[in-house]
Amino acid sequence: MTVANLLSGSGVYPIDLVKRRSEEVLRSLRNNVFAPEGRKTLRRCWNIQEAAKLVGRSAQTIRNTEAAGLLATPPRLANGRREGYSLELINNMRAYFSTRPWRADDDEPVVLSFSNFKGGVGKSAFATHSAQYFATRGYRVLLIDLDSQASTTTLFGYNPDLEIEKEHTLTPYLLGDESTLEYAVRHTHWPGIDMIPSALHFYNAEYEMAAQVSGNVTLLESLKFGIATIADRYDLIILDPPPALGLISISALIAASALVIPVPPSNTDFASTTHFFSMLLDTLGTLRKHGVDARYKFFRLALSKYDERKSTQVAIADVMKRVFGEYLLKTPVKDSAEIDNASARFETVYEQQGPLTSRETHQRCLEFLDGVNREIEILVRHTWPSQQAALREEGLLKENTHG
Ligand SMILES: Nc1ncnc2c1ncn2[C@@H]1O[C@H](COP(=O)(O)OP(=O)(O)OP(=O)(O)O)[C@@H](O)[C@H]1O
Ligand SMILES: [Mg+2]
């Protein structure tokens, strides 16, 4: 078959056939996430010690308050044991004890983008685990899926093939058909996380924007303005951008008030990330000339998918630590079968009640995920004036976290 036949022929030709077969496979993979009980739910529970830590009160105080009938207790299982605390119960306790970590009204919500034009570096793994880390600690999070591959949308319980129409994505707002982003926000199975979903057709937004953008760079600020219409009810807005340099990924760079760049310490990923920085500087420079000024409250690199068994990776990671200093987050996100196995099931490590591999691997993975997200949490809190006294008290106040 000639290329001309391939492109112009109608009916069944190889690309068409392969497309339809792979859609079938994807549909059955995704259906596994939703079947048989329909809507995804969060089954993860926390024991009283974990709950006490998350709430910021002792286990004894929680037990006493429950005994006084002031707090609901977790339901009992068939064997009489308590099920553990759901995130809803933990959030009720936070409300009762006034220990919610929300920003003050005068503090600005942080718009954090995990950007890198290179594909597969761990942007979505960071975005989804960070969203869940922050929501588990009681913050109000909005997660925006900017990638038409829509894996984050699936992971949060929505089937992009069946449920997400064009009017449910950012497209209507970006094309000027809606005046706020209110219509696109939906709850997820994870208490404290709302999301704006994506689906394959969101890819067209790129072209439709391109058709309108000609000389009108302010269109690239659309996402930023859209986020501003709904930001006041959140502490943190997390962006999960697509790979490649396009209008959507540039819109994410403009909308963000903080950037974390995941970088696997492999030669090819490091080379691409270096190119990403020149493109980033070029793009920001061009935008500035057109009056669009993107500035970040913090900017960090993060070691991602780090495989310590590979000597070249260890060597690159060491160079990165030396060269980037404080701009590199201290905790590396290692290459872990826990993350890979969870994402193969359209889940995260934080959703698991127990290990998918071994207990040690699971524990180690939780340690580095908590570690890197705690660093990000401290950076986020530094941007909020209301948090300065608390950070000082905790010995965490750094005078200069900007840059
Ligand atoms: N730390 C990790 N350990 C093991 N596997 C990982 C890790 N981080 C990500 N992965 C896996 O690598 C693949 C790519 O990761 P992810 O989807 O997060 O990257 P991405 O940058 O969002 O990709 P894309 O550019 O396609 O959006 C996924 O299969 C994911 O499960
Ligand atoms: Mg992704």
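**Domains.** I began with the separation of the two domains and found that the centres of domain 1 and domain 2, taken over C-alpha atoms, are 32 Å apart. I keep in mind throughout that this is a predicted model. The domain assignment of the protein chain places domain 1 at 48–97 and domain 2 at 110–393. I then looked up what passes between them, and noted that five residues of domain 1 are in contact with five residues of domain 2. On the domain 1 side, helix α5 (residues 87–97) gives the largest share, four residues. Sorted by class, that side of domain 1 holds two nonpolar residues, one polar residue and two charged residues.

**Sheet.** Next I traced the strand order and wrote it down as β3-β4-β2-β5-β1-β6-β7, an open sheet of seven strands with mixed pairing. At the edges I find β3 (186–187) and β7 (298–303), each of which has a single partner strand, so that one side of each is left without a neighbour in the sheet. Looking further in, I see that strand β2 (residues 141–145) and strand β5 (residues 236–240) run parallel and are joined by five bridges. Within this pair, Leu143 stands opposite Ile238 in β5. I also checked what α6 does here, and it packs on the sheet, touching β1 (110–114), β2, β4 (193–196), β5, β6 (258–263) and β7, while its direction makes about 160° with that of β5.

**Ligand 1.** I turned to the surroundings of ligand 1, where I list 17 residues, of which Gly119, Ser124, Ala125, Pro243 and Ser343 come nearest. The elements that give two or more residues to this shell are α6 (123–136) and α14 (337–344). By class, I record five nonpolar, seven polar and five charged residues in the shell around ligand 1. I note that α6 thus appears twice in these entries, as it packs on the sheet and gives residues to the shell around ligand 1.

**Helix pair α14 and α15.** Having met α14 at the ligand, I looked up how it lies against helix α15 (residues 359–382), and found that the two axes come within 9 Å and cross at roughly 90°. Because of that crossing angle, I describe α14 as roughly perpendicular to α15. The contact is made by Ala337, Glu338 and Ile339 on the α14 side, and by Thr361, His362 and Cys365 on the α15 side. These contact residues divide into three nonpolar, two polar and one charged.

How values were computed: Residues numbered from 1 in each chain as written. Chains lettered and ligands numbered in written order. Predicted model: local features only at pLDDT ≥ 70, side-chain atom pairs only at ≥ 80, totals over all residues. Near = placed C-beta within 6 Å. Nonpolar A, V, L, I, M, F, W, Y, C, P; charged D, E, K, R; others polar. Domains from an automatic or database assignment. Contact = placed C-beta atoms within 7 Å. Axes fitted to C-alpha atoms, helices over the stretch in contact; angles between N-to-C directions. Parallel < 35°, antiparallel > 145°, perpendicular 65-115°, else oblique. Pairing = 2+ DSSP bridges.
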